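Visitor: I would like to go through this model with you, beginning with how its strands are joined and ending with how its parts touch. Could you guide me?

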Amino acid sequence: MENPYLPYPVRIDSVVTETEDRNLKTFKLVFLNSEDREKFIHRAGQFAELSIAGKGEIPIGIASAPTEKGYLLFTVNKVGVVTSALHQMESGDTIGVRGPLGNCYPWEQMEGSNVVIIGGGFAFTTLRASIVYMLHPDNRKRFGNLTVIYGARTPGMLLYKDELVAWEERDDIHMHITVDAADDPNWKYNVGFVPTITQETAPSAKDAYAIVCGPPIMIKFTLPILSELGFPPERIIMSLEMRMKCGIGMCGRCNIGTEYVCKDGPVFDLAHMSRLPNEY
Amino acid sequence: MADKIIKKADLPALLSRLLDHYRVYAPVRHQGMTNFQEISAADQVDLSHVNTTLSPKSLMLPQSESMFEFTLDRTSDQVGVLREIEKDFSPRIIFGIRPCDAKSFQLLDLNFDTPTYRDPWWVKRRQSTTLIGLGCNDPCSTCFCTSVGSGPFSTDGLDILFIDAGDEFAIQTVTEKGEQTFSKVEIGAEGSNATTDAVLSVQERALKLMKSAVHSKNLKDQDEKALFEADFWDEVQFGCINCGVCTFVCPTCWCFDIQDEVHKGNGIRLRNWDACMFPLFTLHGSGHNPRAQKLQRVRQRFMHKLKYFVDKYDVGVACVGCGRCVQQCPVNIDIRHVFRLMNDLGA
């Protein structure tokens, strides 16, 4: 019997410090066993439990796209016991990965549609996976217009800066990068909160899905704007966070009403969420 | 109806023969409480209890269970790699389990043995265990199993049922597993009409003694959000001190935590019972807590058992009517009262 609690051993291949506050690092992980690598087939929007022996496990969105083969990327904010220990680790160290877990963004449903991606702060990880996935030559023609609105507090707090710049230069994706404030006179992108930029860019709701990930305050002010723009609740997609342990719907803590965020989520559309008790 | 009878005086001989083939767990009286323990001799068993103080859930889901082991020795090529720990899953018997508690295992199967994931320890323990039940001749004033789909002589979830019929036990074999178990011990005689009459009379008497009942038929049709937002939660939670004893004694409370423990460079990952009564249960790393308030936690426990579980699995409530939480709650919160509030909302 397969043991769903047993992590696959992985080696940290590289560590990149993403932000100027040094609180966010991206870990590139490679599987120690090739059969584990072949078993780990994920889709953008799913997460995994990162396991550090002696410290515990943390549920983290998978930042690499399924089209990026042979490794996994996780961008981790330093918050508690496990993330602090992980931030101390270096390339060559062994940790564990358990997954992929949870559902993904509704890729079958979104096929043929325009996709608007709205992200804030460090909740951009599975959105990066989604963008990389959709931009892959095999997939790009399966989606219509691609619009990205991504904001952080300052330019130095944006994740994946090199990729953001590269996407800016492409003509098959409309990028709207923004920061709350910038003291860099050479800052050539937007200044303003994500909801404001969403209102200004006013992406069309016609044949479009919006995927929204960010801090609660950003979500709170962005949702009414999407509704005004004509996005029905069934086409506003969100990913939730919850304290988790097992990640497989058994340990009982991450529920919102009948739904376990780890197994039935983390991706829910707004219509589904509005049917659940307001307890998240 | 009884397949066999065994004289009460022969029970020690039966248990001894079971011990030749199985690990046997049975009610044992210790320090004023009767609880399930592994026995090594028949005379340890005490069947004078109404029900055990703790539910037998720890036999399937131990209160603390080691899952994996690892070394932190950096000179080892296995540093940081988790390995499964060998466990004893040899055949065993739980003797003397009440029908309500046997039903709780069936309900928990829905959580631990799913089409997507199977909890290996739960599944292996379930597979290796034969459940020999003991019917309840004298239900307690807090028992309400008959109104939540079980009963003092229900065979749901059991492999064999023993019924105390005076000088003898009437034995009903329920499953093939039970039959195989019994064929190994070769004990007992054919039942007579007199046994059947005796069984019928204890069953009738037990049902008369069953004074408590709950209403649950409206729960499925109640609106989840209306129940969630109901005013009565304020009254229900008022006296609660979040001690968690209800979850501790409950046969259908299965929530657990996972923790790592390290000693001198070696460690284990283990899981421990946890409870929705505790604020840490849902505290995010960011400091945000979706169930920071006592009311939210009390509501979660009852909503989970009597609404979310009902809606998710469509097999009724996650309560078997054992009444342990009613007996043990230090502030007299009574789930039978909460049943009524939830079932009758809007009526």
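Guide: Since this is a predicted model, everything said here is computed from it. A good place to begin is strand 1 of chain A, residues 8-17, which is joined to strand 6 of chain A, residues 94-101, by four bridges.

Visitor: How do strand 1 and strand 6 of chain A run, and which residue is the bridge partner of A:Pro9?

Guide: The four bridges link two strands of chain A that run antiparallel. Within strand 6 of chain A, the residue that bridges to A:Pro9 is A:Gly96.

Visitor: Which strands stand at the edges of the sheet in chain A?

Guide: The sheet is open and antiparallel, with six strands in the order 4-3-6-1-2-5. Each strand at an end of this order has a single partner strand, so one side of it is left without a neighbour in the sheet; in chain A these are strand 4 (56-61) and strand 5 (72-77).

Visitor: By what angle are neighbouring strands of that sheet turned against each other on average?

Guide: For the six-stranded sheet of chain A, the average is taken over neighbouring strands with direction ignored, and the turn comes to 40°.

Visitor: What is the strand order of the open sheet in chain B, and which residue is the bridge partner of B:Lys4?

Guide: Seven strands of chain B make up this open sheet, with mixed pairing and the order 1-9-8-7-6-2-3. Its edge strands, each pairing on one side only, are strand 1 (4-7) and strand 3 (33-39) of chain B, and neighbouring strands are turned by 25° on average, direction ignored. Strand 1 of chain B runs antiparallel to strand 9 (residues 168-173), with four bridges between them, and in strand 9 of chain B the partner of B:Lys4 is B:Ile171.

Visitor: How far apart do the C-alpha centres of the two domains of chain A lie?

Guide: Chain A is divided into domain 1, residues 8-100, and domain 2, residues 107-239. Their contact takes 18 residues from domain 1 and 14 residues from domain 2 of chain A, and the domain 1 side has six nonpolar, seven polar and five charged residues. Between the C-alpha centres of these domains the distance is 24 Å.

Visitor: Which element gives the largest share of the side of chain A that touches chain B?

Guide: The contact between the chains takes 33 residues from chain A and 40 residues from chain B. By class, the chain A side has 15 nonpolar, eleven polar and seven charged residues. The elements of chain A that give two or more residues to this side are strand 4 and strand 6, and the largest share, three residues, comes from strand 6 of chain A.

Definitions and conventions
Residues are numbered from 1 along each chain as its sequence is written. Chains are lettered from A and ligands numbered from 1 in the order in which they are written. This is a predicted model: local features need pLDDT of at least 70, side-chain atom pairs count only at pLDDT 80 or more; totals for chains, interfaces and linings use all residues. Two strands pair if DSSP finds at least two bridges between them. Axes are lines fitted to C-alpha atoms, for helices over the stretch in contact, and angles run from 0 to 180 degrees between N-to-C directions. Domain bounds come from an automatic or database domain assignment. Two residues are in contact if their C-beta atoms, placed from the backbone, lie within 7 Å. Ala, Val, Leu, Ile, Met, Phe, Trp, Tyr, Cys and Pro count as nonpolar, Asp, Glu, Lys and Arg as charged, and the others, Gly among them, as polar.
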